[in-house]
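Got your viewer open? Let's take a walk through this one, a stop at a time.

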Amino acid sequence: MSVRLLSKLAAPAPRYTSYPTAPHFHAGIDAAVYRGWLEELPDGASLSLYLHIPYCDRLCWFCACHTKQTLSYAPVQRYLEALKREIATVGAAVGRRRMVSAVHFGGGSPTLLRADDMVALSEALSSSFEIPVGCEISVEIDPSDMDEARFDALARAGMTRASLGVQDFEPAVQKAINRMQSYEQTRWAVESVRERGVASVNLDVLYGLPHQTEATLTRTLEQVLTLSPDRIALFGYAHVPWFKKHQTMIDEAALPDIAARYGQAQLAARLVQAAGYVPVGLDHFSKPSDGLAQACVEGRLRRNFQGYTVDEADALIGLGASAVGRLPQGYVQNLSATGQYERALVEGGLAVARGIGFTPEDRARSFVIERLMCDFGFSGVELRDRFGPAGKVILREAQDLAAMDEDGLFLRQGDNFVVPQEARPFVRNVAARFDTYLRNGQARHSQAI
Ligand SMILES: C[S@@+](CC[C@H](N)C(=O)[O-])C[C@H]1O[C@@H](n2cnc3c(N)ncnc32)[C@H](O)[C@@H]1O
Ligand code: SF4
């Protein structure tokens, strides 16, 4: 594919981990609105909890997460006190009549916490929420943080899934992204979680990094595959230095161009599929026996701020600085600056910064965009039947888009609309055609490949 065509098809687009996307959240959704939304949750509603730890003891130059480096533990302790207050306040507003089906510790690096703090945090959750035995508990692990005490603490906290950051094993690439992490260290971390009964291990791998080539990526993936992960997340490096200043440490001249990125993504997909993994959504692969692959086959795959998931809870509660929640009424996001977040909780309130309430049209567009991102298509009949007048408007847009499409990105097949196999890498750009906020907005996004 020519560079010109690739650049046209893969124009910058949101990652669609939500719709409407975060740049369109506004301050009209405040703590009082959020409290009302929490109290309106029906009895028996299922909840999933996301806890954000916005600290790391190292700063990888590529990182686009909400995090900051700290070499002292004092700020982390202050933060944990605020987080426990938020857990207690939200738990009191929600009540214990709603069952938690999944808990996710993300960041930043939750594994930067000391072992006794990990246990204390999990106890704080259990004393405010109804967390049943067998609840899915997943943790993002930075292998370089780990020691036996931390692995034991995570096991005590009931961890059932672990997601480990790898990114790349090639020394030249690691140096360019300021992330030194050996294969042996990573293997030890994978073995350590498995020894403690964790049944599902995900590894994060990146393409499009400085100095990466198809040859280096092949070597990294061969090493990754020897660890037999249950899932592999294969993300394209999002270079957004206007948003993350430390990415200016990355030498842009060493970044692969769009054609090279496309080649790397295709090669990586071929390699992991040849090893028996099945593709899930845009950037995940899993063993066929894994729940993610099964959900994909059955059309139950979901997408939220953590990426692809099988979580079907009625509400996602975000806890911690910058955390995003999704309630039946809309999205809500906490203050991002840790100082402001802590002050809001010390003053006895909630730490909401902004959010957005869903309109009927948002719900219909959200359905279309989520199904595109998960299944690469959607049913026109389902759209019309579930969303009434709003669905009919979008159905007409879909018909027009399919009729006018010159690039083979979006086809109509009877009552269904699909993104064909060869156009799947560009699905974000197809989804963007259904995003009315994007048409009116100013936000800058990363390259879609
Ligand atoms: C919170 S980190 C994972 C846990 C832990 N902090 C670690 O690094 O091992 C989340 C993941 O997001 C991905 N990520 C971070 N910045 C990215 C970027 N600019 N583009 C694409 N993926 C990125 C990385 O693969 C990273 O492993
Ligand atoms: S990739 Fe992980 S360890 Fe590195 S800075 Fe980002 S959150 Fe921290």
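Start by selecting ligand 2 and the residues around it: Cys 56, Arg 58, Leu 59, Cys 60, Cys 63, Cys 65, Thr 67, Gly 107, Gly 108, Ser 109, Asp 142 and Gly 165. Colour that shell by class and you get 5 nonpolar, 5 polar and 2 charged residues. Keep in mind throughout that you're looking at a predicted model.

Now hop over to ligand 1. Its surroundings take in 18 residues, and the ones that come nearest are Ala 64, Asp 142, Gly 165, Asp 204 and Ala 238. You've met Asp 142 and Gly 165 already, in the shell of ligand 2. To see where some of the ligand 1 shell comes from, show strand E4 (99-107), strand E6 (161-167) and strand E7 (200-207), each of which supplies at least two residues. By class, this shell has 9 nonpolar, 6 polar and 3 charged residues.

Time to zoom out. Give residues 14-319 one colour for domain 1 and residues 359-435 another for domain 2. How far apart are the C-alpha centres of the two domains? They lie 28 Å apart. Where the domains meet, 13 residues of domain 1 are in contact with 14 residues of domain 2. On the domain 1 side, pick out helix H9 (258-274) and strand E11 (302-304), the elements that give two or more residues to the contact. That side divides into 8 nonpolar, 2 polar and 3 charged residues.

Next, look inside. The largest nonpolar core has 129 residues, and those with the most contacts inside it are Leu 49, Val 205, Ile 232, Leu 319, Val 368, Leu 372 and Ala 431. Which helix gives the most to this core? Select residues 360-375: that's helix H12, with 7 residues in the core. Both domain 1 and domain 2 take part, each with at least three residues. For a close-up, centre on Leu 49, which touches Val 100, Val 103, Leu 125, Phe 129, Ile 317 and Leu 319, leaving aside residues up to four places away in sequence.

Last stop: strand E14, residues 324-327. Are its two faces covered or open? Both are covered, with Val 324 and Arg 326 buried on one side and Gly 325 and Leu 327 buried on the other. That fits a general pattern: in a regular strand, side chains alternate between the two faces of the sheet. Follow the chain through a 2-residue hairpin and you reach E15. E15 (residues 330-334) pairs with E14 in the antiparallel sense, over 4 bridges. To finish, find Val 324 again and look across to Gln 333 in E15, which stands opposite.

Methods
Residues are numbered from 1 along each chain as its sequence is written. Chains are lettered from A and ligands numbered from 1 in the order in which they are written. This is a predicted model: local features need pLDDT of at least 70, side-chain atom pairs count only at pLDDT 80 or more; totals for chains, interfaces and linings use all residues. A nonpolar core is a set of buried Ala, Val, Leu, Ile, Met, Phe, Trp, Tyr and Cys residues joined through C-beta atoms within 7 Å. A residue is buried if 20 or more other C-beta atoms lie within 10 Å of its own, exposed if 12 or fewer, and partly exposed in between; C-beta atoms are placed from the backbone. Domain bounds come from an automatic or database domain assignment. Two residues are in contact if their C-beta atoms, placed from the backbone, lie within 7 Å. Two strands pair if DSSP finds at least two bridges between them. A residue is near a molecule or strand if its C-beta atom, placed from the backbone, lies within 6 Å of it. Ala, Val, Leu, Ile, Met, Phe, Trp, Tyr, Cys and Pro count as nonpolar, Asp, Glu, Lys and Arg as charged, and the others, Gly among them, as polar.
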